[in-house]
Amino acid sequence: MRIEVPREFERLGAVRIYGLQKIYELDAGAEAEMSDQNDAVVRSLPAEALYGVQREMAIVVPVKSERLKLIEGVLVGIPNSCLVIVVSNSPREPVDRFFLEQESIANFCRFTRKQVLIVHQRDPVIGAAFAAAGYPDLLDDTGCVRPGKAEGMMIGTLLARMMGKRTVGFVDSDNYFPGAVNEYIREYAAGFLINGGEHTLVRISWHSKPKIVEQSLYFAKWGRSSRHCNRALNRLLSHHTGFETDIVKTGNAGEHALTLDLAMSIRYAAGYAVEPYHFIDLLEQYGGVFPTEHGDMRRMVRICQIESRNPHLHADKGDDHVAAMIRGSLATIYHSRLCPPSLQEEIDSELRQGGYLQDGETLAPVRTYPSMEHLDLGKFAAGVQALVDRRVGAPPPMALLVP
Ligand code: GDD
């Protein structure tokens with residue numbers, strides 16, 4: 001892969017947010033074929049090096065009632081070197097969609113020899129494992145993990161940790177282009193390769209999102225939710241650095257990957273607010289504005305933003321869904337301790353102008369979950385061992401690699 005070296009970054013305390021990096025070539029060849037072509041503008045990453053990073057990566061695919069053909073297309077795009085973890089919250093009644101997903105994935109794996117771990121988010125076994133591990137925060141009154149995309153991602157993160165992976169990446173299961181999925185994962189690997197370190201977050205900015213406008217194809221750059229979210233995050237950063245910036249381009253990037261050390265130490269917001277909250281939590285914890293337990297400013301947290309080349313085409317879930325996402329993402333910023341009153345006023349009036357908040361309504365805070373770093377991984381692993389051993393394409397049961 002050939003990728004642009006970021007030209008700029010913004011720094012707040014130990015957090016570095018790098019400018020958007022362009023991809024010049026998706027595959028730049030093997031190491032032996034590369035004379036040293038790195039310069040101040042472009043980094044060349046050999047195919048073997050990217051492959052090496054992918055082997056240590058788990059890819060978590062959250063699923064809720066997606067068409068089986070779409071899920072299969074996503075699996076087609078995930079490199080065989082990655083462990084795949086599907087966390088489904090699809091209904092089991094009146095039609096058991098989860099059963100259909102398992103069957104279709106198992107069938108697919110017969111042809112690919114892929115290893116796929118597929119679990120149901122509401123499986124009482126998983127809920128009980130969280131309780132045993134001393135992390136009941138994620139559970140509802142029934143003792144099962146709450147519904148929501150973030151909640152599914154947290155299950156996937158823990159399973160990846162148990163399986164001894166170093167990094168975890170997320171791809172949505174409603175992506176129409178397997179080639180785009182493949183590209184995102186290669187870009188996660190590129191981000192980890194370039195940045196190294198134990199605290200790296202790689203986020204993808206879609207090159208474009210095709211739509212039909214006036215009967216022809218139009219390649220829109222920014223979604224409605226991203227526009228609002230990026231603007232507010234940039235205003236927040238500008239307020240604290242004193243310099244206006246537009247560095248944040250991936251405020252609500254569903255396609256992102258983290259080193260597992262970082263994924264275990266951050267806090268999470270529920271549902272779709274999870275992605276902007278990554279920024280908020282890192283800035284609150286490592287930004288040096290408040291005294292925190294992460295006072296060591298040398299432990300740098302790097303946020304790397306990469307612009308993909310494939311268009312992103314996914315299932316359209318409608319206006320109400322986008323409105324809820326806009327409210328959720330802006331709520332994480334509005335209710336942050338870092339948010340000054342002037343920005344709160346701006347967010348409030350933006351939401352009212354857009355019709356996302358009505359007269360008399362206020363912006364409700366989003367539920368957040370504490371970091372999972374104190375969760376007892378051994379107890380969690382013991383609780384879900386049987387599910388892990390049943391993974392599709394698995395070798396005979398093995399001892400889990402609990403670090
Ligand atoms: N496990 C699980 N549990 N998965 C879920 C749940 C749930 O409760 N709800 C949704 N999902 C899955 C969907 O099946 C899909 O694969 C993925 O999560 C994203 O959900 P969508 O509902 O399709 O979200 P979106 O496409 O509108 O938004 C995406 O892009 C945004 C950026 O524009 C998401 O990735 C957002 O998180 C992201 O901010």
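**Exercise 1. Place Asp137 in this predicted model: which helices flank its loop, and is Asp137 buried, partly exposed or exposed?**

Start with the backbone. Asp137 sits in the loop that links helix H4 (124-132) to helix H5 (149-162). Next, check accessibility: the relative value for Asp137 is 32%. Buried means under 20% and exposed means over 50%. Asp137 therefore counts as partly exposed.

**Exercise 2. Which residues does Asp137 touch, leaving out those up to four places away in sequence?**

Run the contact search and you get Arg146, Tyr369 and Pro370. Now take Pro370 and look at the separation along the chain: Asp137 and Pro370 are 233 residues apart. In space, their C-alpha atoms are separated by 7.8 Å.

**Exercise 3. How many of the six residues of strand S10 (residues 200-205) are buried, and which way does each one point?**

Count first: six of the six are buried, so S10 is largely enclosed by the rest of the structure. Then sort by direction. Thr200, Val202 and Ile204 point one way, while Leu201, Arg203 and Ser205 point the other way. That's the pattern to look for, because side chains in a regular strand alternate between the two faces of the sheet. Both sets are buried here.

**Exercise 4. Which strands are joined to S10 by bridges, and do they run parallel or antiparallel to it?**

Take strand S15 (residues 301-307): six bridges join it to S10, and the two run parallel. For a spot check, find Thr200, which stands opposite Arg302 in S15. Then go to strand S13 (residues 256-259), which is joined to S10 by three bridges and runs antiparallel to it. Here, Val202 has Ala257 of S13 as its bridge partner.

Key:
Residues are numbered from 1 along each chain as its sequence is written. This is a predicted model: local features need pLDDT of at least 70, side-chain atom pairs count only at pLDDT 80 or more; totals for chains, interfaces and linings use all residues. Side-chain values use heavy atoms; hydrogens and water are left out. Helices (H or I, at least four residues) and strands (E, at least two) are DSSP runs, numbered from the N terminus. Buried means under 20% relative accessible area, exposed over 50%, partly exposed in between (1.4 Å probe, protein chains only). Contact means heavy atoms within 4.5 Å. Two strands pair if DSSP finds at least two bridges between them.
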